[in-house]
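Work through the exercises below with the structure in view, and try each task before reading its solution.

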Amino acid sequence: MSGGDKLDFETRPNTAPVSAADRAALLANPGFGRVFTDHMVTIRYAEGKGWYDARVEARAPIPMDPAAAVLHYAQEIFEGLKAYRTGDGSVTMFRPEANAARFVASAKRLAMPELPPETFVDSLRRLVEIDRDWIPEHEDASLYLRPFMFASEVFLGVRPANEYLYCVIASPAGAYFAGGIKPVTLWVSPDYTRAAPGGTGAAKCGGNYAASLAAQAEAIEAGCDQVVFLDAVERRFVDELGGMNVFFVYDDDTLVTPPLTGTILPGITRDAILTLAAESGLQVQERPVSFADWQADAASGRLREVFACGTAAVINPIGGVRFPDGEFLIGGGEPGRTTMALRQQLVDIQRGRAEDRHGWVQRVL
Ligand SMILES: *Cc1c(COP(=O)(O)O)cnc(C)c1O
């Protein structure tokens, strides 16, 4: 495809879709990431040819040669966003063009071809449209969309691959907080870091997640829910969680989050929270927060609330922090009022219950 041309999709509907009764049973309690819809999008890329063979087709296994480059050198990136059913029966997505732009940025970092943002958004719309019956009705549920791309070239040499497959799958997701909002406990890993300056920390790539799993396992072993990573250079400053950004709320109504210096994933939820918080009168600062200050400010009470944010949970309060030498609580371990107010504001915009002053919500159907 040359610049500006729209890629044509061929639609091959699934000839054996899940029955309405089976689908209803699956949608009653989908959990997260286990139930999938009837279709997927695939687009191929070859050097010299560009993007081609764009399809909406039955979801099926992808045949892959054992020498496919991704299986050896991990050239893979992904995105995650949700399609929602709103009160008036329409279907929306939240800032899909921001995911499209981040997908381009991740591709650049992993030396992969750039999928045109309009093709990215178009692919999501087409999948949501054909699988619209899979969007859960429940007001806290959604259809999670997972676009991803990997090196499919059959070659063991070390260089950027010449062939790629872009794919989108969709998975109905139940309410993240089914039993009410529950603050999590974080583990500060003494051994592992997530991303070093000049590395891939700002790219949404599978490799970052692979590298975080040992630390996450350590967190679980220590009785915590999630790991929080400190910076790789000084091991002093807070970076983020394995898959969520982190915010601090102080008693003078200051909201602080670590700056985007290349080792932190630029979350779209993070960006929306910065905007909403500034509008609601909080003093917003993007600056480094040291673990020592975190601990001291929690002890003095100056630090009122801490929360993590990302597409899946939107905002998740953090109630406590554990590290090899001790532990401390934040806000008595209860969700804070600023955390919950920001969460409500954002969820109401996403669900079409509050005015969308920033043009964040895109109607799909
Ligand atoms: C995806 C992701 C986030 C959150 O990004 P959102 O766009 O808000 O979903 C934060 N940190 C990491 C490491 C991520 O991969």
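The exercises that follow treat the ligand and then several single residues.

This is a predicted model, in which local features need pLDDT of at least 70 and side-chain atom pairs count only at pLDDT 80 or more, while totals for chains, interfaces and linings use all residues. Residues are numbered from 1 along each chain as its sequence is written, and side-chain values use heavy atoms, with hydrogens and water left out.

**Exercise 1. The ligand and its shell**

Task: Find how many residues surround the ligand, and sort them by class.

Solution: Begin with the rule that a residue is near a molecule if one of its heavy atoms lies within 4 Å of it. The ligand is surrounded by 15 residues, and the closest are Lys204, Tyr209, Glu240, Thr269 and Thr311. Next, sort the shell by class, where Ala, Val, Leu, Ile, Met, Phe, Trp, Tyr, Cys and Pro count as nonpolar, Asp, Glu, Lys and Arg as charged, and the others, Gly among them, as polar. The result is four nonpolar, seven polar and four charged residues.

**Exercise 2. Polar contacts and cover**

Task: State which distances separate the ligand from polar side-chain atoms of Lys204, Glu240 and Thr311, and then how much of the ligand is covered.

Solution: A polar contact with the ligand is a pair of N or O atoms within 3.5 Å. A polar side-chain atom of Lys204 is 2.7 Å from an oxygen atom of the ligand. For Glu240, an N or O atom of the side chain lies 2.6 Å from a nitrogen atom of the ligand, and for Thr311, a side-chain N or O atom lies 2.6 Å from an oxygen atom of the ligand. Of the 380 Å² of accessible area that the ligand has on its own, the protein covers 97%, with areas taken from the Shrake-Rupley method and a 1.4 Å probe.

**Exercise 3. Two residues with positive phi**

Task: For Asp253 and Val314, decide whether each is buried or partly exposed, and give the phi angle of Asp253 and of Val314.

Solution: Buried means under 20% relative accessible area, exposed means over 50%, and partly exposed is in between (1.4 Å probe, protein chains only). Asp253 is found in the loop between β12 (245-250) and β13 (254-257), where strands are DSSP runs (E, at least two residues) and helices are runs of H or I with at least four, numbered from the N terminus. Asp253 is partly exposed because its relative accessible area is 32%, and its phi is near 60°, a positive value. Val314 belongs to strand β16 (residues 314-323) and is buried, because its relative accessible area is 6%; its phi is near 65°, again positive. As background, most residues other than glycine have a negative phi.

**Exercise 4. Placing four more residues**

Task: Place Ala214, Gln362, Leu165 and Asp122 in their helix or strand, and then judge their exposure.

Solution: Take the residues in turn.

- Ala214 is in helix α5 (residues 206-221) and is partly exposed because its relative accessibility is 39%; its C-alpha is 8.2 Å from that of Tyr192, 22 residues away in sequence.
- Gln362 is in strand β18 (residues 361-363) and, at 21% relative accessibility, counts as partly exposed; its C-alpha lies 7.7 Å from that of Pro96, 266 residues apart along the chain.
- Leu165 is in strand β8 (residues 163-173) and is buried because its relative accessible area is 2%.
- Asp122 is in helix α4 (residues 117-130) and is buried, with a relative accessible area of 11%.

Technical notes. Polar contact = N/O pair within 3.5 Å; in protein donor to acceptor, adjacent residues only side chain to side chain.
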